[in-house]
Amino acid sequence: MSGHKLIGPFTQLLPLSGLALKGSLRDEQLQPISNGGILVSEGKIRKIGIFQSLEAEAENIERIEHKSICLPGFIDAHTHICFGGSRANDYAMRNSGKGYLEIAKAGGGIWDTVTKTRDASEETLIRGIIKRCTSHLHLGVTTLEVKSGYGLSVNEELKMLRAIKRASELVVQDIIVTCLAAHMKPKDWVGPPVLYLEEIANKLFPVLQSEKLSNRIDAFIEESAFSSNEIKSYFSKAKGMGFDIVVHADQFTTGGSQVAVDFGAISADHLEASTEQEIKMLAKSSVIAMALPGASIGLGCSFTPARKILDMGGALAIASDHNPGSAPMGNLLTQACILGTFEKLSNAEVLAGITFRAAAALNLKDRGSLEVGKKADFVIFPTDNYQEVTYHQGQLKPHGVWKNGTRVF
Ligand code: NIG
Ligand code: FE
């Protein structure tokens with residue numbers, strides 16, 4: 001067939017297709033294809049199956065000569081990788097027992113990154129995003145979400161969002177951009193916080209649409225950021241303008257996930273503080289619950305109750321939250337595997353969380369599993385047993401990554 005390229009053979013190919021979006025998953029459901037192949041053309045998967053059975057249809061063959069496990073490209077559905085500076089000092093202070101207020105007083109916290117991000121030029125921010133995307137690519141990530149949120153004024157948020165958009169044109173991955181202008185109350189804002197939110201909604205939202213910068217609005221609902229009440233009219237405006245809603249919810253105290261459900265958010269992220277009540281409510285809803293183990297590891301806090309979320313029938317995605325403050329590591333697979341050991345997740349649940357369930361959290365229907373018609377985004381690991389991938393907790397590195405059918409690493 002003309003233009004069709006066959007890639008393989010893979011010792012085991014795990015398409016992760018046909019699995020439920022919500023609820024628990026067993027490893028027996030994974031059904032790896034032994035000696036598998038993927039037939040691609042124009043960046044999409046045309047056929048999937050046993051390598052030899054596809055050879056006759058291939059115009060050319062990209063042969064994999066060594067043992068390999070093939071998985072869908074990983075999707076990191078929550079990051080803050082556009083920022084200036086470092087918060088290594090915050091990390092050291094936290095680990096020597098200093099509290100949130102002491103760290104903020106010593107010049108740390110989110111506001112420190114805001115200052116450094118405002119000081120950085122758009123070019124510097126772009127370079128930082130490209131560097132971090134490259135590192136994620138080598139770890140198997142083929143799609144990422146990136147948030148603004150360290151600008152905290154109309155112009156500084158715009159600088160970040162334009163930098164993210166420009167970077168998305170320069171990196172291999174697809175970047176989904178989210179506006180997090182409601183990350184915290186800007187320290188230099190004079191007046192009630194709701195007026196800041198009003199200004200963002202009135203002056204920034206229209207530009208997000210006219211410049212096609214983002215169609216997703218996020219807010220951090222927390223005592224140290226915005227209250228549920230403050231956020232309601234902000235989200236109403238965003239919804240009214242057609243934006244998708246996502247929420248930083250229940251990180252330290254509850255309240256955020258209720259807002260997520262009320263506003264029909266696509267995802268509620270963090271949930272480390274969620275109780276049975278929130279978990280039940282989320283499970284009944286169409287909101288994806290997003291665990292961010294990188295923030296638990298970075299802060300030394302408890303993990304999102306992932307097991308309970310799945311057992312109650314929720315949809316669990318897992319993302320890195322890569323940011324300079326709470327989650328500086330930026331290794332999605334390692335973090336998902338560690339969450340798996342603490343929360344007793346099956347391999348299927350860990351892998352689903354960073355592939356098709358993460359795709360759903362970004363409203364992307366064209367990726368996350370290896371199926372006919374979907375993007376040919378996949379990653380291979382040098383082993384012959386898929387269990388080795390999670391077993392090594394991210395230390396077994398990808399041996400190759402394909403984006404839209406082309407080998408990019
Ligand atoms: O998702 N929770 C709020 N925001 C980030 C942290 C950002 C920062 O500390 O710079 C998070 O963990
Ligand atoms: Fe975050």
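1. A handy term to start with: a charge sits over a ring if NZ of Lys or CZ of Arg is within 6 Å of the ring centre and within 35 degrees of the ring normal. Arg132 and Phe83 fit that description, with the charged end of Arg132 placed 3.7 Å from the centre of the Phe83 ring.

2. A word on the ground rules, as this is a predicted model: local features need pLDDT of at least 70, side-chain atom pairs count only at pLDDT 80 or more, and totals for chains, interfaces and linings use all residues. Residues are numbered from 1 along each chain as its sequence is written, chains are lettered from A and ligands numbered from 1 in the order in which they are written, and side-chain values use heavy atoms, with hydrogens and water left out.

3. Now the metal. The iron ion (ligand 2) has His78 (NE2), His80 (NE2), His248 (NE2) and Asp321 (OD) as its protein donors, at 2.0 to 2.3 Å. Donors here are N, O and S atoms within 2.8 Å of the metal (3.2 Å for Na, K and Ca), and sites may look incomplete because water is not among the atoms. The spacing of the donor residues in sequence reads H-x1-H-x167-H-x72-D. His78, at 0% relative accessibility, counts as buried, and so does His80 at 2% (buried is under 20% relative accessible area, exposed over 50%, partly exposed in between; 1.4 Å probe, protein chains only).

4. Next, the interior. The largest nonpolar core (buried Ala, Val, Leu, Ile, Met, Phe, Trp, Tyr and Cys residues joined through side-chain atoms within 4.5 Å) has 98 residues, and Ile231, Tyr234 and Phe235 touch the most other members. Domain 1 (5–72 + 370–407) and domain 2 (75–361) each supply at least three residues to this core; the bounds come from an automatic or database domain assignment. Tyr234 has contacts (heavy atoms within 4.5 Å) beyond four places in sequence that include Leu197, Ile200 and Phe205.

5. Finally, the aromatics. The whole structure holds 10 aromatic pairs, where rings of Phe, Tyr and Trp (its six-membered ring) pair if their centres lie within 6.5 Å; planes under 30 degrees apart count as stacked, over 60 as edge-to-face and the rest as tilted. One of them is the edge-to-face pair of Trp189 and Tyr196, at 5.6 Å centre to centre and 65° between the planes. Trp189 is partly exposed at 26%, whereas Tyr196 is buried at 2%. Phe303 and Phe342 make a tilted pair, since their centres are 5.0 Å apart and their planes at 35°. Phe303 is buried at 15%, while Phe342 is exposed at 56%.
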